[in-house]
Amino acid sequence: MLLGGGGFAAWKLDWFSGNGEAVTFGKNPPPAAGKSEPGAPAAEAKPSGDPDVLMPTGPKSDFKQTTKLDDGTIIAKTRLAGAKSGFEGDVWVWAPKEYDDPKYAKSGFPVLIALPGGNGFPANYWSDRSLGLQKAISEGTQAGTSLPFIVIMPVLNPDAKYYYDGSDIPGQAKMGTWIAEDVPAFTKANFRTYKSRDGWAFMGSSSGAFVGMKTVLQHPDKFKAVIASGGEIVPDSPLWKGHQAEMDANNPEKLAQKLIDTKGPEVYINFQIGTKESGKERMTKFQQQYGKGPIKTTIRDIQNGEHNGWHYVRGMKEGSLEWISKVLKAPKPEAG
């Protein structure tokens, strides 16, 4: 038992080995033989022939490791001062091991912005390795059922007092702009991504599911899909009081009808709901009323699932990751 306990302690210690140290995502490929002078820095990779590939625009953020996964990949954190929202908050990031594979050095990668439930402050619980989100993506990539997503995990709210519905509520921090503008701009500054919406999606649980779905419907030119787990359908922050017009502009039902009326572009919503939690009737009603025209909806039942991240990750492994991977753009390795 002592040996077993010591082995577990060593294993667990490895999870935190390097925490707090600087992290760099995306190693530059080595220079071609005979093409560089001794001591010269490696040249930046040039994008592939795909005009949709967007190389990191800079400026680069300073990342510090928060945990290490069993496959050696790193979850790291940085501080982002949103240029458009004026809000400053923490963002956690994870890149799959394919991101550092030289075969993909000139390729863009799809981005999954993962939003937590609750207040989503001061931490984003998807950055906790115990939920298994990043592991599910890695295992799905190996099995051919998931794309190797870059996962971006911002805080959802400016404090733990109220729900802000991921929106620009008058008189409050502009959390809608933070999620829809500043977080994607930060991602493009630091990672190889895609210019088009074909490489951009959300996932979220509970209140994070609402924000992800709302943002996709609000900005269908920028985002294509969302996995919305156990989520609400309409805004319900008490801070909307006295601002009905602004609340309506952030209501997924009204946004969906507007998208139907204007005939596109197509967006994809995958609801997930545990069979041991309430709320499926809201998803079913939304699907019946708005799941038509450009709005493509599915509902995944998670057997014996409850309202928690572990069960939502299980639902993703059972099919939702494969679903979203089919509607987004895959990275393309170089031949050879």
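This is a guided tour of a single chain, stop by stop, for use with the structure open in a viewer.

**The whole chain**

Begin with the full model, which is predicted. Coloured by secondary structure, the chain shows 8 helices and 12 strands. Of its 336 residues, 52% are buried. The accessible surface comes to about 15400 Å², and carbon and sulfur atoms hold 54% of that area. Among contacts with a separation of 6 or more, 74% join residues that are 24 or more positions apart.

**The nonpolar core**

Next, select Ile 152, Leu 217 and Ile 324. These are the residues with the most contacts inside the largest nonpolar core, which has 83 residues. In soluble globular proteins, nonpolar side chains tend to be buried together.

Keep Ile 324 selected and display what surrounds it. Which residues are in contact with Ile 324, leaving aside its neighbours within four places in sequence? They are Leu 112, Phe 149, Ala 201, Phe 202, Ala 225, Val 226 and Ile 227.

**Helices α2 and α8**

Select residues 133-143, which form helix α2, together with residues 309-327, which form helix α8. Two packed helices are described by the angle between their axes and the distance between the axes. Here the angle is about 25 degrees and the axes are 10 Å apart. An angle under 35 degrees counts as roughly parallel, and α2 and α8 are therefore roughly parallel to each other. The crossing of α2 past α8 is right-handed. To see the contact, show Leu 133, Ala 136, Ile 137 and Glu 139 on α2, then Val 313, Met 316, Lys 317 and Leu 321 on α8.

Remain on α2 and mark its buried residues: Leu 133, Gln 134, Ala 136, Ile 137, Ser 138, Gly 140 and Thr 141. What covers these buried residues? The cover includes helix α8 and the strands β4 (74-81), β5 (88-94), β6 (111-115), β7 (150-154) and β9 (200-205). After α2 comes Gly 144, which has a positive phi near 80 degrees.

**The segment after α8**

Now follow the chain past α8 to Leu 328, which is found in the segment after that helix. Is Leu 328 buried or exposed? Its relative accessible area is 8%, and the limit for a buried residue is under 20%, so Leu 328 counts as buried. Leaving aside neighbours within four places in sequence, the contacts of Leu 328 are Leu 147, Phe 149, Arg 197, Asp 198, Trp 200, Ala 201 and Lys 224. Add Ala 225 to the selection and draw a line between the two C-alpha atoms: Leu 328 and Ala 225 are 8.0 Å apart in space, with their positions 103 residues apart in sequence.

**Helices α4 and α6**

Select α4 (207-218) and α6 (252-261). These helices pack at an angle of about 25 degrees, with their axes 9 Å apart. That angle makes α4 roughly parallel to α6. Their crossing is left-handed. On the α4 side the contact is made by Phe 210, Met 213, Lys 214, Leu 217 and Gln 218, and on the α6 side by Pro 252, Leu 255, Ala 256 and Leu 259. Leu 217 was met earlier, as one of the residues with the most contacts inside the largest nonpolar core.

**Loops around these helices**

Move to Asn 251, in the loop between α5 (244-248) and α6. Asn 251 has a relative accessibility of 9% and therefore counts as buried. Beyond its neighbours within four places in sequence, Asn 251 is in contact with Ile 233, Val 234 and Pro 235.

Select Ser 206 in the loop between β9 and α4. Ser 206 is not a glycine, yet its phi is positive, about 55 degrees. Asp 165, found in the loop between β7 and α3 (175-190), is a residue other than glycine with a positive phi near 55 degrees. Asp 165 is also buried, with a relative accessible area of 8%.

**Two cis peptide bonds**

Finish with two prolines. Pro 59 lies in the loop between β2 (53-54) and β3 (63-68); the bond leading to it from Gly 58 is cis, with omega near 0 degrees. Pro 265 is found in the loop between α6 and β11 (267-274). The peptide bond from Gly 264 to Pro 265 is cis, with omega near 0 degrees.

Note on methods:
Residues are numbered from 1 along each chain as its sequence is written. This is a predicted model: local features need pLDDT of at least 70, side-chain atom pairs count only at pLDDT 80 or more; totals for chains, interfaces and linings use all residues. Side-chain values use heavy atoms; hydrogens and water are left out. A nonpolar core is a set of buried Ala, Val, Leu, Ile, Met, Phe, Trp, Tyr and Cys residues joined through side-chain atoms within 4.5 Å. Buried means under 20% relative accessible area, exposed over 50%, partly exposed in between (1.4 Å probe, protein chains only). Contact means heavy atoms within 4.5 Å. Helices (H or I, at least four residues) and strands (E, at least two) are DSSP runs, numbered from the N terminus. Accessible areas come from the Shrake-Rupley method with a 1.4 Å probe; for residues, only the protein chains shown count as cover. Axes are lines fitted to C-alpha atoms, for helices over the stretch in contact, and angles run from 0 to 180 degrees between N-to-C directions. Angles under 35 degrees count as roughly parallel, over 145 as roughly antiparallel, 65 to 115 as roughly perpendicular and the rest as oblique. A crossing is left-handed if the near helix is turned anticlockwise from the far one by less than a right angle, and right-handed if clockwise.
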